[in-house]
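Here's a quick briefing to read with the model open beside you. Take a look at the structure, then work through the notes below.

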Number of protein chains: 2
Amino acid sequence: MQPDPIKKFAAVFAKLPGVGPRQAVRLAFHLVESEQSLLGEISDSVAELMGLKICRNCFFVHGNSDGLCDICRDPKRNPQIIAVVEKATDLLSLEKTKKFSGRYLVLGDLKKTGVMEPEQKLRMAALKKYIEKDCGGQAEEIILAINPTAYGDLNAAMLTTELKPFAKKFSRLGRGIPTGGEIEFADEETLSSALERRT
Amino acid sequence: MQPDPIKKFAAVFAKLPGVGPRQAVRLAFHLVESEQSLLGEISDSVAELMGLKICRNCFFVHGNSDGLCDICRDPKRNPQIIAVVEKATDLLSLEKTKKFSGRYLVLGDLKKTGVMEPEQKLRMAALKKYIEKDCGGQAEEIILAINPTAYGDLNAAMLTTELKPFAKKFSRLGRGIPTGGEIEFADEETLSSALERRT
């Protein structure tokens, strides 16, 4: 009963992260029932995404012609401090704080096994090459901005071993009670971390 | 820090039902980081949606050239029994049961106020015209397949008043304990309905 274009659209969109098969069908109908201008906007915005590239240095997204993202091209950013993040959106969150003036490596979602995928190995190799070229062989600091979960700890340990010779210092983001949070509702792990890291 | 195409894509997609602004940004990055073929598939599937139309009879979606959907064109469907649904996806759910061989009217989401929007008034007018033409002025039955909520009851009452002269019988979907559900966990309203409608 579903027209083929609805089925096809739903099949494609259900592959996207966070979109379930039911939502994909609902979206398809919504779009057909909306004004054609919305479909046009979507079509245009998808076409424009096609023009974006991945930075050859840090693997963040950019639209520049020299292969480098806005951060890697920025001479005011400190090349000696590198934050390793999993997702591009993690990078955006850190940028919003305006407290970090170093550079990045976007590594992609790390597996729970502590083993890197081939693409991630390539990115690590690019980081090492970049440290050799731009940081004189050893960066001042590598911040492992990986989520503070059990798997994150595992992966951070793996990355530290892997990158050992390439930085003088390794750090992770501070742990504690989030601003606005309440002690009463903090879990034990968090509260232990907050105590240990009291300032 | 977000390249413009990411911003634009996120702004467009955040307008879609069930897609939040954060998810829209995540989607944008996911797409850029995926293989180009995925962007191509999305682009194609959106383009194909553009070819779909809304049935002039029941307002369901179709890709036919005569302005009628597959259900309205089907001579085996009984034109005397019409199910009024809010969403095209409600129609699909009813079709999946294979227990209904009548026709439909897709009315669009009804407001909680019991007042119809201009587009919905047009669709009601189309239904009346269709009943006059295809059902000899009065359909055998109109099934108000509207959700069994307080607002749904309000809207069903409004629709019954509105369509009074156009059908011999009005009905709504049966209420009770869903198959597989447990009496212990059924709310009072549902259990009352199940008792009243015991068979």
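Setting aside neighbours within four places in sequence, A28(A) touches I6(A), F9(A) and A10(A), plus L49(B) from the other chain; contact here says that the C-beta atoms, placed from the backbone, lie within 7 Å. A28(A) is also among the residues with the most contacts inside the largest nonpolar core. Keep in mind that this is a predicted model, where local features need pLDDT of at least 70, side-chain atom pairs count only at pLDDT 80 or more, and totals for chains, interfaces and linings use all residues. As for labels, residues are numbered from 1 along each chain as its sequence is written, while chains are lettered from A and ligands numbered from 1 in the order in which they are written.

**The core**

- The largest nonpolar core holds 99 residues, and along with A28(A) the best-connected ones are F60(A), V84(A), A28(B) and V84(B).
- A core of this kind is a set of buried Ala, Val, Leu, Ile, Met, Phe, Trp, Tyr and Cys residues joined through C-beta atoms within 7 Å.
- As background, nonpolar side chains tend to be buried together in soluble globular proteins.

**A24(A)**

- A24(A) sits in helix α2 (residues 21-33) of chain A; helices (H or I, at least four residues) and strands (E, at least two) are DSSP runs, numbered from the N terminus.
- Is A24(A) buried or exposed? A24(A) is buried, because 20 other C-beta atoms lie within 10 Å.
- The cut-offs are 20 or more other C-beta atoms within 10 Å for buried, 12 or fewer for exposed, and in between for partly exposed, with C-beta atoms placed from the backbone.
- Beyond four places in sequence, A24(A) is in contact with A10(A), F13(A), A14(A) and V19(A).
- K133(A) is another story: A24(A) and K133(A) are 109 residues apart in sequence and 46 Å apart in space, C-alpha to C-alpha.

**How the chains meet**

- Chain A and chain B each put 43 residues into the contact.
- On the chain B side, the elements giving two or more residues are α1 (4-13), α2 (21-33), α3 (36-50), β2 (61-62) and α5 (88-97).
- Which of them gives the most? That's α3(B), with 11 residues.
- By type, this side of chain B splits into 25 nonpolar, 11 polar and 7 charged residues. Ala, Val, Leu, Ile, Met, Phe, Trp, Tyr, Cys and Pro count as nonpolar, Asp, Glu, Lys and Arg as charged, and the others, Gly among them, as polar.

**Symmetry**

- A turn of 180° and a shift of 0.0 Å along the axis lay chain B on chain A with an RMSD of 0.1 Å, so the two copies are related as by a two-fold rotation axis.
- The fit is by least squares on the C-alpha atoms of residues with pLDDT of at least 70 in both copies.
- Both copies use the same surface, and 100% of the contact residues of chain B recur in chain A.
- In chain B, S43(B) comes closest to the rotation axis, at 3.1 Å (C-alpha).

**Domains of chain A**

- Chain A is divided into domain 1 (4-49) and domain 2 (54-172), with bounds from an automatic or database domain assignment.
- The C-alpha centres of the two domains of chain A lie 33 Å apart.

**Positive phi outside glycine**

- K98(A) has a positive phi, near 55°, in the loop between α5 (88-97) and β4 of chain A. K98(A) counts as exposed, with 7 C-beta neighbours inside 10 Å.
- F59(B) has a positive phi too, near 70°, in the loop between β1 (53-54) and β2 of chain B. F59(B) is buried, with 24 other C-beta atoms within 10 Å.

**E141(B)**

- E141(B) is part of strand β5 (residues 139-145) of chain B and is partly exposed, with 15 C-beta neighbours inside 10 Å.
- Past four places in sequence, the contacts of E141(B) are I81(B), A167(B), K168(B), K169(B) and S171(B).

**Confidence**

- Chain A has a mean pLDDT (the predictor's confidence in each residue, from 0 to 100) of 92, and 99% of its residues reach 70 or more.
- Within chain A, confidence is lowest in helix α8 (residues 188-196), at a mean of 83, and highest in strand β4 (residues 103-106), at 96.
- The model scores ipTM 0.83 and pTM 0.79.

Note on methods: Two residues are in contact if their C-beta atoms, placed from the backbone, lie within 7 Å.
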